[in-house]
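Trainee: Please take me slowly through a single part of this structure, and then show me how that part sits among the rest.

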Amino acid sequence: MSSRTLKLALVAAVIALVIGLFASGALDTFSLEHTAELIRSYGPWGLAVYLLAFTFLQPLGLSGNMFTVVAGLIWPTWLALILALAGAFGSAMVNVAFARYVAFDWVQARIPARLRKYERWLTERGLLGVIFFRVATFTAHPAQLLISVMKLPLPRLMLGTAIGFIPAVVAGVVLGGEVTRWLAGLFGLA
């Protein structure tokens, strides 16, 4: 089965699932606030599961933006910002560990030529280059792997990553949470 066929099948399955959930009435009792309250009721375990999920599932290709929005929906803004930044940073470091220390050659062989031109630009600009790169790409998977195998000292990569993730985390938690609440209200899922 080709990659394109697999992607189309996955999209079709998700659309069918969503239509099925609406048609079956399964979402009639769903509420964002009820779900958020359930997660908050787990206390520290809810926080730990969120952090572990963000840290280890995002490197598998899940959107980091999704995790930041979810944090904004569940916890108070100040806590959601801390959790989302910690999760994004953790996922970035998992990618760095994988790309640098486990599969360096494999990752190098899969980086598209059009992205390689950015390595020199980034390495010449030091910390500001890493910050700008992280602001522009957040947790996009190819970008995560690309920056992981660049000739950047680990402390610079870590600091630039932490600083560069801040704008996307703030936007996801604050704006993403509000937009999602508005959409949920529009569809009766609030």
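Mentor: What follows is a close look at helix 7, with its surroundings added afterwards.

This is a predicted model, in which local features need pLDDT of at least 70 and side-chain atom pairs count only at pLDDT 80 or more, while totals for chains, interfaces and linings use all residues. Residues are numbered from 1 along each chain as its sequence is written, and side-chain values use heavy atoms, with hydrogens and water left out.

For orientation, the protein has nine helices and zero strands, where helices (H or I, at least four residues) and strands (E, at least two) are DSSP runs numbered from the N terminus. Of its 190 residues, 35% count as buried, and here buried means under 20% relative accessible area, exposed means over 50%, and partly exposed lies in between, with a 1.4 Å probe and protein chains only.

Helix 7 covers residues 113–137, which makes 25 residues, yet its end C-alpha atoms are only 17 Å apart, short of the 36 Å that a straight helix would reach at 1.5 Å a residue. The expected span of a helix is 1.5 Å times one less than its number of residues. Alongside that short span, helix 7 has a kink of about 130 degrees, centred on Gly126; the bend at a residue is the angle between axes fitted to the seven residues ending there and the seven starting there. For contrast, you can look at helix 3 (residues 44–57), which has 14 residues and reaches 19 Å from its first C-alpha to its last, close to the 20 Å expected at 1.5 Å a residue.

Gly126, where the kink is centred, is also one of the buried residues of helix 7, a list that includes Leu115, Leu122, Gly129, Val130, Ile131, Phe133 and Arg134 as well. Just before Gly126 in the numbering, the side chains of Glu124 and Arg125 meet in a salt bridge, at 3.8 Å from N to O. A salt bridge is a side-chain nitrogen of Lys or Arg within 4 Å of a carboxyl oxygen of Asp or Glu, and by this rule the count comes to one. Side chains of opposite charge can pair when their charged atoms come close. Arg125 counts as partly exposed because its relative accessible area is 40%.

Helix 7 also has a residue in a nonpolar surface patch, which Leu127 forms with Leu159, Ile163, Ile166, Val170, Val174 and Leu175, with about 540 Å² of accessible area together. Patches are made of residues with over 30% relative accessible area and no salt bridge, in which like charges are joined within 9 Å and nonpolar side chains (Val, Leu, Ile, Met, Phe, Trp, Tyr) within 5 Å; accessible areas come from the Shrake-Rupley method with a 1.4 Å probe, and for residues only the protein chains shown count as cover. The largest share of this patch, six residues, comes from helix 9 (residues 154–186). One of the patch residues, Ile166, is found in helix 9 and counts as partly exposed because its relative accessibility is 41%.

Now consider what lies on either side of helix 7. Ahead of it, Pro112 lies in the loop between helix 6 (104–110) and helix 7, and this proline counts as partly exposed because its relative accessibility is 31%. Pro112 and Leu146 are 34 residues apart in sequence but 9.3 Å apart in space, C-alpha to C-alpha. After helix 7 comes Phe138, in the loop that leads to helix 8 (141–148). Phi of Phe138 is near 45 degrees, a positive value in a residue other than glycine. Most residues other than glycine have a negative phi, and most peptide bonds are trans. Phe138 counts as buried because its relative accessibility is 5%.

Just beyond Phe138, the chain meets residues from elsewhere in the sequence. Gln58, in the loop between helix 3 and helix 4 (64–74), is in contact with Thr139, His141 and Gln144, among others outside its neighbours within four places in sequence, where contact means heavy atoms within 4.5 Å. Asn95 in helix 5 (residues 77–102) is also in contact with His141 and Gln144, and its contacts outside four places in sequence include Gln58 too. Gln58 is buried because its relative accessible area is 1%, and Asn95 is buried because its value is 2%. Over the protein, among contacts between residues at least 6 apart in sequence, 78% join residues at least 24 apart.
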